Amino acid sequence: MKAQKVAPNVYAVVTPARDFPSAANKGWNSNSAFVITRDGVLVFDTGASETIGKALRQTVAKTTDKPVRWVVNSHGHGDHWLGNNAFAGAEIISSSHVRTHVTQEGASWVGRVTTMTGGITGDSKVVAPTRAIDARTTMQFGDVRGELLLSNGGHTAGDVVLWLPEERVLLGGDVVYSDSAPGTFDANIPGWIAFLKELERLKPKVVVPGHGRVADGAVVTRQREYFERIWAIVQAGHEKGKLDHEILPEVRQKLAKYKRLYVNFDDRIGRTVSDFYQQVEASAFK
């Protein structure tokens with residue numbers, strides 16, 4: 001792991017992987033970030049295992065000798081919080097939905113990641129968030145002001161992103177992807193699009209995505225447009241009585257440019273169209 005400075009006292013820790021946890025990537029498939037403040041360090045997302053969390057803590061320690069005082073878990077997918085136990089003593093912050101999910105489904109996530117990686121990541125103790133929020137919350141982290149924003153249904157039901165207004169840096173978790181196709185299997189697509197519009201209005205200079213390289217604010221707009229184009233094609237096809245697999249070729253053709261932007265576009269687009277189709281169908285009966 002290496003810490004990439006993206007703004008004064010703000011660092012991204014970016015994995016080269018663009019897939020799910022596996023033996024090949026040693027379970028390290030998601031990005032993290034940290035912010036050095038006057039009074040300690042804030043860590044955003046702790047990775048897919050306790051082993052990865054410990055490596056992240058060592059990476060922080062190479063940059064500063066200040067203690068990690070706060071951790072934010074962006075959402076309930078285990079590849080972003082199973083490293084929590086490596087940060088014992090820190091206040092762990094999430095949405096209420098995520099805290100409940102970690103408490104109830106934590107053991108399942110440990111088993112899932114162990115299976116996906118062939119056990120290479122070792123054992124992980126489930127550590128749930130200690131503080132939960134239910135609305136947009138402004139917090140003071142030492143001398144750094146941060147705003148925790150909730151999607152209320154986007155990539156997952158419990159998404160939290162961290163906006164640093166003075167630095168104009170967005171730590172996006174899986175609400176924002178850069179060069180990796182977004183995972184939509186637990187998503188509320190209309191809610192996600194609405195939240196991306198909200199994030200666009202912030203005009204971030206730097207975006208640290210949950211997956212992919214660090215980018216500028218244009219990546220938020222690109223993802224919103226990607227979703228809107230797929231939704232429009234799927235909705236038009238549904239109105240003509242087509243099934244998802246019959247709509248897929250048109251999506252591939254009309255969104256071909258995204259093959260250059262998303263390295264795993266071909267692997268994900270079929271599932272994405274199916275996920276969109278289910279939600280388009282559900283919206284037709286409201």
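This is a chat about the sheets, helix packing and one salt bridge of a predicted model.

Me: Before we start, what kind of model is this, and how are residues numbered?
Reply: It is a predicted model, in which local features need pLDDT of at least 70, side-chain atom pairs count only at pLDDT 80 or more, and totals for chains, interfaces and linings use all residues. Residues are numbered from 1 along each chain as its sequence is written, and side-chain values use heavy atoms, with hydrogens and water left out.

Me: OK, which strands make up the seven-stranded sheet?
Reply: That open sheet has the order β1-β2-β3-β4-β5-β6-β7 with mixed pairing, where strands are DSSP E runs of at least two residues, helices are H or I runs of at least four, and both are numbered from the N terminus. Two strands pair if DSSP finds at least two bridges between them. The edge strands, each pairing on one side only, are β1 (4-7) and β7 (131-133).

Me: And how do β1 and β2 run, parallel or antiparallel?
Reply: They run antiparallel and are joined by three bridges, with Ala 7 having Val 10 in β2 as its bridge partner. The hairpin of β1 and β2 has two residues between the strands, and Asn 9 there takes a positive phi near 65°.

Me: What about β5 and β6?
Reply: Strand β5 (residues 68-72) and strand β6 (residues 91-95) run parallel, joined by three bridges, and Val 71 stands opposite Ile 92 in β6. Helix α1 (residues 50-63) packs on this sheet, touching β2 (10-13), β3 (32-37), β4 (40-44) and β5, and its direction makes about 35° with that of β3. Contact here means heavy atoms within 4.5 Å, while axes are lines fitted to C-alpha atoms, for helices over the stretch in contact, with angles running from 0 to 180 degrees between N-to-C directions.

Me: Switching to the other sheet, what is its strand order?
Reply: Five strands form an open sheet in the order β8-β9-β10-β11-β12, again with mixed pairing, and its edge strands are β8 (137-141) and β12 (206-211). The twist averages 30° from one strand to the next.

Me: Which helices sit on it?
Reply: Helix α3 packs on the sheet, touching β9 (144-150), β10 and β11, at about 165° to the direction of β11. Helix α4 lies across β11 and β12, running at about 25° to β11.

Me: How does α4 cross α7?
Reply: The axes of α4 (residues 218-239) and α7 come within 9 Å and cross at roughly 60°, which makes α4 oblique to α7. For such labels, angles under 35 degrees count as roughly parallel, over 145 as roughly antiparallel, 65 to 115 as roughly perpendicular and the rest as oblique.

Me: Which residues does α4 bring to that contact?
Reply: Among them are Phe 227, Ile 230 and Trp 231 in α4, and the α7 residues met by this helix include Phe 276 and Val 280.

Me: And where do α5 and α7 come in?
Reply: The axes of α5 (residues 244-254) and α7 (residues 265-284) come within 10 Å and cross at roughly 130°, and the two helices are therefore oblique to each other.

Me: Last topic, how many salt bridges are there?
Reply: A search of the whole structure finds 16, a salt bridge being a side-chain nitrogen of Lys or Arg within 4 Å of a carboxyl oxygen of Asp or Glu. One of them joins Arg 18 and Asp 179 at 2.6 Å, N to O. Arg 18 lies in the loop between β2 and β3, and Asp 179 lies in the loop between β11 (169-177) and α3 (189-200), 161 residues apart.
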